[in-house]
Amino acid sequence: MTERNYDGLTRAQAYELSQDVGVNPSTEPTIGDVINQRFGRREMLKGALGAAAITAVAAPLALAAGEAEAAGAPRAGFRFAEPEHGVDQTHHVAPGYTVDVVLRWGDPLFADAPEFDPTRQSAAAQRRQFGYNCDYVGYAPLPEWGSRNADRGLLCINHEYTSEEVMFAGVGRQGERAGFGKMTKDLVDIEMAAHGCSVVEIQRGRDGKYTYVRNSRYNRRLTTGDTVMAISGPAAGHPRMRTTADPTGTRVIGTVNNCAGGMTPWGTYLTAEENFHGYSSNRVPEGHPEFRNQRRYGVGERWYNWADYYDRWDATKEPMESNRFGWIVEIDPYDPTSMPVKRTALGRKKNEGAESIVNRDGRVVVYMGDDERFEYVYKFVSRNRINRTDRRANRSLLDDGTLFVAKYNDDGTGVWMPLVFGTGPLTAANGFNSQADVMIEARRAADLLGATPMDRPEDVEPNATTGRVYVALTNNDRRRPDQLNGPNSRPANEWGQVLEMINTNDDHAATTFRWEILIRCGNPTIAAVGAMYNPATSANGWMACPDNMAIDGQGRLWVGTDQGGSWSRASGRADGVYAVETHGTGRGTSKLFFRTPIGAEICGMHFLPGDRAMTIAVQHPGVDGTGDFRPFARESTFEDPATRWPDFQPNMPPRPSVVMVRKTDGGVIGS
Ligand code: FEO
Ligand code: CA
Ligand code: CA
């Protein structure tokens, strides 16, 4: 997410503010040197290559490059020609590829759903239409999980947030600073209906083009205002999870700020609640038992004025309500009547995503980043083993297990530390009286364990082909020189980096690992940026602000970017999808594959079985940083947007959309 904005600030300023609302008091272990000694060798390499057009550094040490591959290597190389980098009002893809728009904000999902009319919106209509700001996209093949059918299946899609200035006529940007004078209860109800998730059937036609099935019996909308969800795991029923509306602490209406997610190995869809704090108004006063908790997560930021109409969004009136958000939610896309479940064993944080893998002992491991400056990387290891023959038998697998947080040592090793009540500092002496407390305040528990504060951990992707794990660290312009640590080695880091982790013995349940930087992002022709790519990377191929990632069926890594309102500073080019080599002599080479229209970020990259089709969610087109887009040079509104992508019809605002990319000749993408 690149955030809502506060009137009176530039987009970039608002973006910075929005990523710095929680308070982490333990921005801990720092090393004083400006450049981590670990990178000294590579800095020298960089000097040796200084004459190259790309002043990048060769081959990241490669934990790997010279080593025997324990778990196999991905197919080497990406075969496609790069499109030109740049920024304009539409998308671009590599030559020889076709982009079809499959689902747009407002598309009717049911027989009785009204056609989208941006001048006649209502909450009732929005509940039956595709939601706003699509983020994660997963795929569940039909007729059943495991069929590997790419011709027909279910897209599982998050709708992270809403942008009222381009959604609603005559409203303009609202916010805590500008006030919410143009907001009404009707508009708030539309916003809540536009948040949440969609499950939508798609099918491939004879011409290779995918379309959605409007009347599929599987289609479903889940919204913030309406969908009842269960709460399970250690925090279920705890007094800190109880509210006036739910004295049991086991039922909650809605999910919010659903960012990325993941498909489980048994075919359910995990949706990650990220910036839940921005939906509450007010904060309990100092001295209140929830004050420390609310402050740590930044609850009460009031990005939305929902509390003006609904008491549960006022953190002083319902102090426990915000404890019921910030979780990983599990949804069965094959059963539209199933109740989603918030799995509290995975910890409460600003969850970017939840990608999982079956460990070789059959336990399931879920990797998660907590996306805020100086926050942490986590993994959950299930206690029990997956049942491969009966997917329903895995119903409670994510309720029982251990949550770990990562500590990165400067020497390239690291430790996964368990968040278990009663161990180490996680005791009553520090205000933890149960495992429920540890999960509700996972951040504070991780602080006490000495976890490593990172440069905004976004997607964390395990690679089933190689066993390695990739972490997108998107940026952190607040990191000072005295706050550097091994994997976060640049102060005022506006560009981010992609980290590679290898669990000891390739065991995803291991408590130790090694780590390496795969690429350090930013402009490699500016020495002060300190970027690092394989020198084979072209002038089109470098990136800034890695966010979402995907691994294709051949084990190859794809990275999407989200520069937000700072795109002009970070790279001066639109966000994109990049193919990044992880193995062999090409390791660290990045190639541009697709780029967004102005103001959008890349989300929802997901490969369908066979790698002949790839989804991309184009989120918030026409919104971020349009003041820096020279041909436009102002903020977008509903009436006057920087782009009307993807329809380009007068009077139709830009519409966040899921697109399907395929090779025009029907071949395997990138091959
Ligand atoms: Fe919703 Fe961290 O991006
Ligand atoms: Ca992001
Ligand atoms: Ca994201």
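**Exercise 1. Two cis prolines**

Task: Pro 143 lies in the loop between strand 3 and strand 4 (152–159). Find which residue precedes Pro 143 across a cis peptide bond, then work out in which loop Pro 646 sits.

Solution. Keep in mind throughout that this is a predicted model.
- Step 1: Look at omega for the bond that leads into Pro 143. The bond runs from Leu 142 and has omega near 10 degrees, so by definition of the angle the label to give is cis.- Step 2: Turn to Pro 646, which is joined to Trp 645 by a cis peptide bond with omega of about 0 degrees.
- Step 3: Place Pro 646 on the chain. The loop that holds Pro 646 runs between strand 28 (613–619) and strand 29 (657–663).

**Exercise 2. Positive phi outside glycine**

Task: For Asn 282 and Phe 648, give the value of phi and decide whether each residue is buried, partly exposed or exposed.

Solution.
- Step 1: Read the backbone of Asn 282. Phi is about 70 degrees, a positive value although Asn 282 is not a glycine.
- Step 2: Locate Asn 282 in the loop between strand 11 (269–273) and helix 6 (291–297).
- Step 3: Check the accessibility of Asn 282. The relative accessible area is 39%, so Asn 282 is partly exposed.
- Step 4: Repeat this for Phe 648, where phi is near 55 degrees. Phe 648 is found in the loop between strand 28 and strand 29, and Pro 646 lies in that loop too.
- Step 5: With a relative accessible area of 41%, Phe 648 is partly exposed.

**Exercise 3. A calcium site**

Task: Which residues coordinate the calcium ion (ligand 3), and why is the arrangement of its donors irregular?

Solution.
- Step 1: Collect the donors. Glu 352 and Asp 547 are each listed with two oxygen entries, and Glu 458 is listed as well, at 2.2 to 3.2 Å.
- Step 2: Inspect the angles. The six donor atoms around the calcium ion (ligand 3) subtend 44 to 122 degrees, and the arrangement is irregular because of these angles.
- Step 3: Write out the spacing of the donors along the chain, which is E-x105-E-x88-D.
- Step 4: Look for a neighbouring metal. The calcium ion (ligand 2) is 3.3 Å from the calcium ion (ligand 3), and Glu 458 coordinates both.
- Step 5: Place two of the donors in the fold. Glu 352 lies in the loop between strand 13 (341–343) and strand 14 (355–358), and Asp 547 belongs to strand 23 (residues 546–551), so the pair ties together parts that are 195 residues apart in sequence.
- Step 6: Judge their exposure. Glu 352 counts as buried at 0% relative accessibility, and Asp 547 counts as buried at 0% relative accessibility.

**Exercise 4. Cysteines**

Task: How many disulfides does the model contain, and why does Cys 603 form no bond with Cys 259?

Solution.
- Step 1: Apply the cut-off of sulfur atoms within 2.5 Å. The count comes to zero disulfides.
- Step 2: Take Cys 197, which is in no disulfide; its nearest cysteine sulfur belongs to Cys 156, 9.1 Å away. Cys 197 is buried, with a relative accessible area of 0%.
- Step 3: Take Cys 603. The closest cysteine sulfur, in Cys 259, is 6.4 Å from the sulfur of Cys 603, which is too far for a bond. Cys 603 is also buried, at a relative accessible area of 0%.

**Exercise 5. Pockets and cavities**

Task: What are the volumes of the largest pocket, the second largest pocket and the largest cavity, and what lines them?

Solution.
- Step 1: Begin with the largest pocket, which has a volume of about 1,200 Å³. Its lining has 44 residues, and the closest to its centre are Trp 145, Arg 148, Met 263, Ala 464 and His 606.
- Step 2: Trace the elements behind this lining. Those that give two or more residues include strand 3 (134–141), strand 10 (258–263) and strand 23.
- Step 3: Sort the lining of the largest pocket by type: 21 nonpolar, 14 polar and nine charged residues.
- Step 4: Move to the second largest pocket, with about 320 Å³ of space. Of its 20 lining residues, Gly 225, Ile 253, Tyr 310, Arg 312 and Glu 321 are the closest to its centre.
- Step 5: Helix 5 (185–194) and strand 9 (251–253) each supply at least two residues of this lining, which divides into eight nonpolar, three polar and nine charged.
- Step 6: Finish with the enclosed spaces. There are four cavities of 30 Å³ or more, and the largest cavity has a volume of about 70 Å³.
- Step 7: Among the 13 residues lining the largest cavity, Trp 567, Ala 574, Asp 575, Gly 599 and Ala 600 lie nearest its centre. By type, the lining of the largest cavity has six nonpolar, four polar and three charged residues.

Terms used
Residues numbered from 1 in each chain as written. Chains lettered and ligands numbered in written order. Predicted model: local features only at pLDDT ≥ 70, side-chain atom pairs only at ≥ 80, totals over all residues. Heavy atoms only, no water. Donors = N, O, S within 2.8 Å, 3.2 Å for Na, K, Ca; no water. Tetrahedral: all angles 85-135°; square planar, octahedral: opposite > 155°, others 65-115°. Helix = DSSP H or I, 4+ residues; strand = E, 2+ residues; numbered from the N terminus. Buried < 20%, exposed > 50% of the residue type's maximum accessible area, 1.4 Å probe, protein only. 1 Å grid on protein atoms, 1.4 Å probe; cavity = no way out; pocket = protein on both sides within 12 Å on 5 of 7 lines; lining within 4 Å. Points joined across faces, edges and corners; volume = space filled by probe spheres on them. Nonpolar A, V, L, I, M, F, W, Y, C, P; charged D, E, K, R; others polar.
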